[in-house]
Amino acid sequence: MLLVTGGCGFIGSNFIHLLRRERPDLEILNLDLLTYAGNLENLAALEGDEKLQFVKGDIADSRFVENLFETKDIDQIVHFAAESHVDRSILGPGIFIRSNIQGTQVLLEAARKNWSEGEGRFVMVSTDEVYGSLGPTGLFREDTPLDPSSPYSASKASADLICQSYFRTFGFPVVNTRCSNNYGPYQFPEKLIPLIILRAGRDESLPVYGDGLNIRDWIHVEDHCRGILAVLDGGELGKVYNIGSDNERTNIEIIRLILDNLGKSEDLIEFVKDRPGHDRRYAMDSTFIEQSLGWRPEVDFSEGIAATIKWYRDNPEWLERVISGAYKEYYSRQYGSK
Ligand SMILES: NC(=O)c1ccc[n+]([C@@H]2O[C@H](COP(=O)([O-])OP(=O)(O)OC[C@H]3O[C@@H](n4cnc5c(N)ncnc54)[C@H](O)[C@@H]3O)[C@@H](O)[C@H]2O)c1
């Protein structure tokens with residue numbers, strides 16, 4: 001059985017949808033704490049799927065996680081669960097240390113205790129943010145030293161390194177992926193793209209950090225999920241795989257593109273004080289995964305972003321339920337007081 005942690009979040013839920021299309025017979029256990037970012041409604045289309053189980057719980061709760069391993073036949077893990085928003089990590093780093101670092105170690109330890117030699121596979125979903133900031137040229141490679149800037153990226157870098165230490169020290173079967181900025185459906189509207197779509201749709205001002213010229217490499221979530229699946233299937237244990245899309249865009253370019261698509265005025269843009277420790281540029285070299293596993297990004301950015309904007313516009317009730325908090329009721333309706 002494949003344990004997916006954080007399967008109710010943005011990327012985790014897209015990954016489960018992809019798995020269902022590609023692996024209809026795979027037994028999946030989705031473990032998610034349903035924090036503010038966890039939305040079980042992201043998987044509502046899979047309701048009644050007998051091969052998909054959901055369990056609500058905290059990856060940092062060792063007793064709970066150990067019990068889960070004793071009662072379920074888990075032989076693979078894709079680990080998404082994390083606090084994921086940089087701004088929140090600046091306001092309150094503590095929960096990032098607990099969920100992202102301690103939670104990862106609890107999972108590693110439970111798997112290590114339960115898997116015999118030669119058994120199991122753990123995919124750690126890490127991020128390009130662990131590398132810190134690039135100057136105007138150059139790319140992050142897997143051997144670029146980690147140099148994280150925010151409590152979020154530092155917590156991910158710690159978890160990433162702890163995973164590697166488990167491989168080197170215990171021969172534990174772990175593979176790390178480091179992906180660039182994702183966009184696509186089901187993303188919580190605190191992140192740039194859904195936030196801008198939402199606010200522009202309501203003719204609200206669009207806050208842009210600093211000069212808006214920070215550069216990210218934007219990848220469609222579907223491409224990221226296919227990359228993770230390729231690593232789950234064939235990644236070499238102990239290795240790190242960068243996953244990027246060769247698609248560098250400034251924040252302001254993304255915002256203008258969305259405004260143009262929505263037919264809204266650029267007057268909505270409002271430059272605000274920069275985020276402390278704001279990384280200037282991220283860019284990825286994905287040669288390793290391309291050459292060794294044959295993975296390549298497939299979604300063209302202009303098509304992907306247009307489809308993403310359309311998805312948020314076509315699903316106003318999803319957005320409204322997230323904003324009003326009504327999405328939280330779905331869990332009690334499905335699972336009662338369990
Ligand atoms: N979003 C990106 O662009 C991006 C890029 C590269 C890597 N990543 C990584 O991918 C993973 C998923 O990112 P996302 O954007 O989907 O995040 P998200 O915030 O949308 O989802 C995170 C999920 O984890 C769950 N969770 C949080 N703490 C938990 C805990 N203690 N126990 C169990 N579940 C918990 C939440 O309820 C939520 O469902 C993260 O590890 C993130 O660092 C994200």
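User: At roughly what angle do the axes of helix α2 and α4 cross?
Analyst: This is a predicted model. Helix α2 covers residues 62-71, and α4 covers 94-114. The axes of α2 and α4 come within 9 Å. They cross at roughly 35 degrees.

User: Which hand does the crossing of α2 with α4 have?
Analyst: Two packed helices are described by the angle between their axes and the distance between the axes. Hand is a further descriptor here. For α2 passing α4, the crossing is right-handed.

User: Which residues of α2 and α4 make the contact, and how do they divide by character?
Analyst: From α2 come Ser62, Val65, Glu66 and Phe69. From α4 come Val106, Leu107, Ala110, Ala111 and Asn114. The residues of this contact divide into six nonpolar, two polar and one charged.

User: Which residues are closest to the ligand?
Analyst: The ligand is surrounded by 30 residues. By character, the shell holds 14 nonpolar, 12 polar and four charged residues. The closest are Gly6, Gly9, Ala37, Gly38 and Ala82.

User: Which element gives the most to the shell around the ligand?
Analyst: Four elements each supply at least two residues of the shell: α1 (10-22), α4, β5 (121-127) and β7 (181-183). The top contribution is three residues. That element is α1.

User: Is Phe10 buried or exposed?
Analyst: Phe10 sits in helix α1. Outside its sequence neighbourhood of up to four places, Phe10 touches Tyr186, Gln187, Phe188 and Val221. The cut-off for burial is 20 or more other C-beta atoms within 10 Å. Phe10 has 24 such neighbours, so the residue counts as buried.

User: How far apart in space are Phe10 and Ala307?
Analyst: In sequence, Phe10 and Ala307 are 297 residues apart. The spatial value runs from C-alpha to C-alpha. It is 16 Å.

User: In what order do the seven strands of the open sheet lie?
Analyst: Seven strands form this open sheet, and the pairing is parallel. The order is β3-β2-β1-β4-β5-β6-β10.

User: Why is one side of β3 and of β10 left without a neighbour in the sheet?
Analyst: β3 (52-56) and β10 (240-243) each have a single partner strand. Neighbouring strands of the sheet are turned by 20 degrees against each other on average, direction ignored. The open sides of β3 and β10 arise because both strands stand at the edges.

User: Which residue of β4 is the bridge partner of Thr5?
Analyst: Strand β1 (residues 2-5) runs parallel to β4, and four bridges join them. Thr5 pairs into β4 through one residue. That partner is His79.

User: Which residues of β5 are the bridge partners of Gln76 and Ile77?
Analyst: Strand β4 (residues 76-79) pairs with β5 in the parallel sense, over four bridges. Gln76 has Arg121 as its partner in β5. For Ile77, the partner in β5 is Phe122.

User: About what angle does the direction of helix α5 make with that of β5?
Analyst: Helix α5 (residues 151-170) packs on the seven-stranded sheet. There α5 touches β5 and β6 (174-179). With the direction of β5, α5 makes about 150 degrees.

User: At about what angles does helix α7 run to β6 and to β9?
Analyst: Helix α7 (residues 221-234) lies across β4, β5, β6 and β10. Helix α7 also lies across β7 and β9. Its angle to β6 is about 160 degrees. Its angle to β9 is about 75 degrees.

User: Which are the edge strands of the open sheet of three strands?
Analyst: The order is β7-β9-β11, with mixed pairing. Each edge strand pairs on one side only. Those strands are β7 and β11 (248-250).

User: Which residue of β9 is the bridge partner of Asn181?
Analyst: β7 and strand β9 (residues 215-220) pair in the parallel sense. Three bridges link them. For Asn181, the partner in β9 is Trp218.

User: Which residues form the uncovered face of strand β8?
Analyst: In a regular strand the side chains alternate between the two faces of the sheet. Strand β8 spans residues 206-209, and its covered face holds Leu206 and Val208. The uncovered face holds Pro207 and Tyr209.

User: Which residue of β12 is the bridge partner of Tyr209?
Analyst: β8 pairs with strand β12 (residues 269-272) in the parallel sense, over four bridges. Tyr209 is on the uncovered face of β8. Its bridge partner in β12 is Val272.

Methods: Residues are numbered from 1 along each chain as its sequence is written. This is a predicted model: local features need pLDDT of at least 70, side-chain atom pairs count only at pLDDT 80 or more; totals for chains, interfaces and linings use all residues. A residue is near a molecule or strand if its C-beta atom, placed from the backbone, lies within 6 Å of it. Ala, Val, Leu, Ile, Met, Phe, Trp, Tyr, Cys and Pro count as nonpolar, Asp, Glu, Lys and Arg as charged, and the others, Gly among them, as polar. Two strands pair if DSSP finds at least two bridges between them. Axes are lines fitted to C-alpha atoms, for helices over the stretch in contact, and angles run from 0 to 180 degrees between N-to-C directions. Two residues are in contact if their C-beta atoms, placed from the backbone, lie within 7 Å. A residue is buried if 20 or more other C-beta atoms lie within 10 Å of its own, exposed if 12 or fewer, and partly exposed in between; C-beta atoms are placed from the backbone. A crossing is left-handed if the near helix is turned anticlockwise from the far one by less than a right angle, and right-handed if clockwise.
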